[in-house]
Protein chains: 2
Amino acid sequence: MSAPKLLLVEDDTALAELVEYRFRGEGYDVRTTDDGDEALLLAAEDTPDLVLLDWMIGGTSGIEVCRRLRRNKSTAHVPIIILTARSDEDDRVRGLETGADDYVTKPFSPRELIARVGAVLRRVRPALAGETITVGDLALDPTAHRVTRSGQAIKIGPTEFRLLRHFMEHPGRVFSRGQLLDAVWGSGSDIELRTVDVHIRRLRQAIAIPGAPDPVRTVRSAGYALEGV
Amino acid sequence: MSAPKLLLVEDDTALAELVEYRFRGEGYDVRTTDDGDEALLLAAEDTPDLVLLDWMIGGTSGIEVCRRLRRNKSTAHVPIIILTARSDEDDRVRGLETGADDYVTKPFSPRELIARVGAVLRRVRPALAGETITVGDLALDPTAHRVTRSGQAIKIGPTEFRLLRHFMEHPGRVFSRGQLLDAVWGSGSDIELRTVDVHIRRLRQAIAIPGAPDPVRTVRSAGYALEGV
DNA sequence: GCGATTTGTTACGCAGTCGTGACGTGCGTA
DNA sequence: TACGCACGTCACGACTGCGTAACAAATCGC
């Protein structure tokens, strides 16, 4: 459940197989395609946590896939790592400008790629890398599925857990109800916006400490945010 | 069951005999072959706990055996130690990238190899190295197949033993029913997910102490975890 | 200050999940 | 052959957590 989902877009079948099984060995959930259009389709129906994107692929070019991933709402913030045979500086610049998060030049060792993926995930979504996130006096351990506040264990439901994790992955940032529904409930869920309010309340109740201020901030007509450090 | 099973793939007969003899002396269960294809066959029919793989063998090359071991689901996570006469750096890199866990250059002393095997097993599967694992007031002795809680011996079935061992190898971590089936029953077993529940119950019943809290934690809609330290 | 909008809070029915006991089967042993 | 043991499956019941609606409170624009 907590396995990070990778989408590998690569038309060198041998390389794709190698990368795929190495990442599986590392506990990742990998899906592979050699076609740019199919990549966009796969990404849309089940948002991956990170995209490994070959620069030169059939169908659509890498830069175009990158651009269109960014344009789509549900995949706009998914980190992308570009794989390219050309060590051309232009490519690198264009890739990063298009919104890629990192850039690996072929030939690369799977070990290096795994390290890069780990680094990007740790930076963007620490919980996916299996690391305990800490915000203020809150701590969330994704592998143990456990939340503590000031060291004290907290009883929390599954939805509240995911909600809190999302907040803790982006501390201080304000999310609208719609954004929270997309991120926590999954995009395409037919849930009333007001339902978020109820879960916010349940979350507040769960992590409340008498006397201490509420770490969940309401931003009127905008949404909610977790009080940053 | 408690003796770690090694698969030795080596075409130097004299060396193979020596290694086999020494490891048997250390309490390992060793099977030997000089052929890559046969190695894959042996590994498939009875998954070993570790593979010692000569880099240059007849039939299939070492790197190919390595790759195909990883591709097969049941052997994908078996640790591999490469034995090679060439101290070539390229080999070393390629071996590790293909998924080997360690690398020993010929000529090596049996003593060194035994140490390396022990180190890898301890890292990957502590219980296989014959070490008693302790989590809280639970202790599990893999060689004696015995479990104690607060010093008191506990009667426990084979499946519950493997289940508890897996939990104790990763204390605190939450496992889904599917993950537990893969880890305890073996991947590819056609077992109902709910069957896990029943064995969890039997495990709980076996290790229960009246008055003491249940060390097995249910994480709703996620799985089960053993209460860490 | 007053109406309108937004948010907090509570209660409730429902679906999904989990615990538990019972049952049938296969296998090794006495 | 009879027995015991461990296993996998099922069915039932209890419970938890979910989503929604309805009402109360707070905040904003005027």
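1. In this predicted model, DNA strand D is surrounded by 26 residues, of which T159(A), H199(A), T159(B), T195(B) and H199(B) come nearest. Of the atoms of DNA strand D that come within 4 Å of the protein, 71% belong to sugar and phosphate.

2. Three side chains can be named for their polar contacts with the phosphates of DNA strand D. In chain A, a polar side-chain atom of E160(A) lies 3.2 Å from a phosphate oxygen of the strand, and a polar side-chain atom of T195(A) lies 2.8 Å from a phosphate oxygen. In chain B, an N or O atom in the side chain of T195(B) is placed 2.8 Å from a phosphate oxygen of DNA strand D. The elements that give two or more residues to this surface are α6 (158-169) and α8 (194-207) of chain A, together with α6 (158-169) and α8 (194-207) of chain B. Sorted by class, the surface near DNA strand D holds twelve charged, eight nonpolar and six polar residues.

3. Around DNA strand C there are 21 residues, and the closest are R201(A), S221(A), Y224(A), R177(B) and R201(B). Sugar or phosphate supplies 59% of the atoms of DNA strand C within 4 Å of the protein, while the rest belong to bases.

4. The polar contacts listed for DNA strand C involve backbone as well as side-chain atoms of the protein. A backbone N or O atom of S221(A) lies 2.6 Å from a phosphate oxygen of the strand, whereas for T218(B) an N or O atom in the side chain is 2.6 Å from a phosphate oxygen. A base is also reached, since R194(B) has a side-chain N or O atom 2.9 Å from a base nitrogen of DNA strand C.

5. At least two residues of the surface near DNA strand C are supplied by each of α8 and β11 (216-219) of chain A and α8 of chain B. The element that gives the most is α8(A), with six residues. By class, this surface has 13 charged, four polar and four nonpolar residues.

6. Which residue of chain A has a positive phi although it is not a glycine? The residue is S150(A), with a phi of about 55°, and its place is in the loop between β8 (146-149) and β9 (152-154) of chain A. Most residues other than glycine have a negative phi. S150(A) is exposed, with a relative accessible area of 52%.

7. In chain B, S150(B) likewise has a positive phi of about 55° without being a glycine, and S150(B) is found in the loop between β8 (146-149) and β9 (152-154) of that chain. S150(B) is exposed, its relative accessible area being 51%.

Definitions and conventions
Residues are numbered from 1 along each chain as its sequence is written. Chains are lettered from A and ligands numbered from 1 in the order in which they are written. This is a predicted model: local features need pLDDT of at least 70, side-chain atom pairs count only at pLDDT 80 or more; totals for chains, interfaces and linings use all residues. Side-chain values use heavy atoms; hydrogens and water are left out. A residue is near a molecule or strand if one of its heavy atoms lies within 4 Å of it. A polar contact is a pair of N or O atoms within 3.5 Å; within protein, one must be able to donate a hydrogen and the other to accept it, and residues adjacent in sequence count only if both atoms are side-chain atoms. Helices (H or I, at least four residues) and strands (E, at least two) are DSSP runs, numbered from the N terminus. Ala, Val, Leu, Ile, Met, Phe, Trp, Tyr, Cys and Pro count as nonpolar, Asp, Glu, Lys and Arg as charged, and the others, Gly among them, as polar. Buried means under 20% relative accessible area, exposed over 50%, partly exposed in between (1.4 Å probe, protein chains only).
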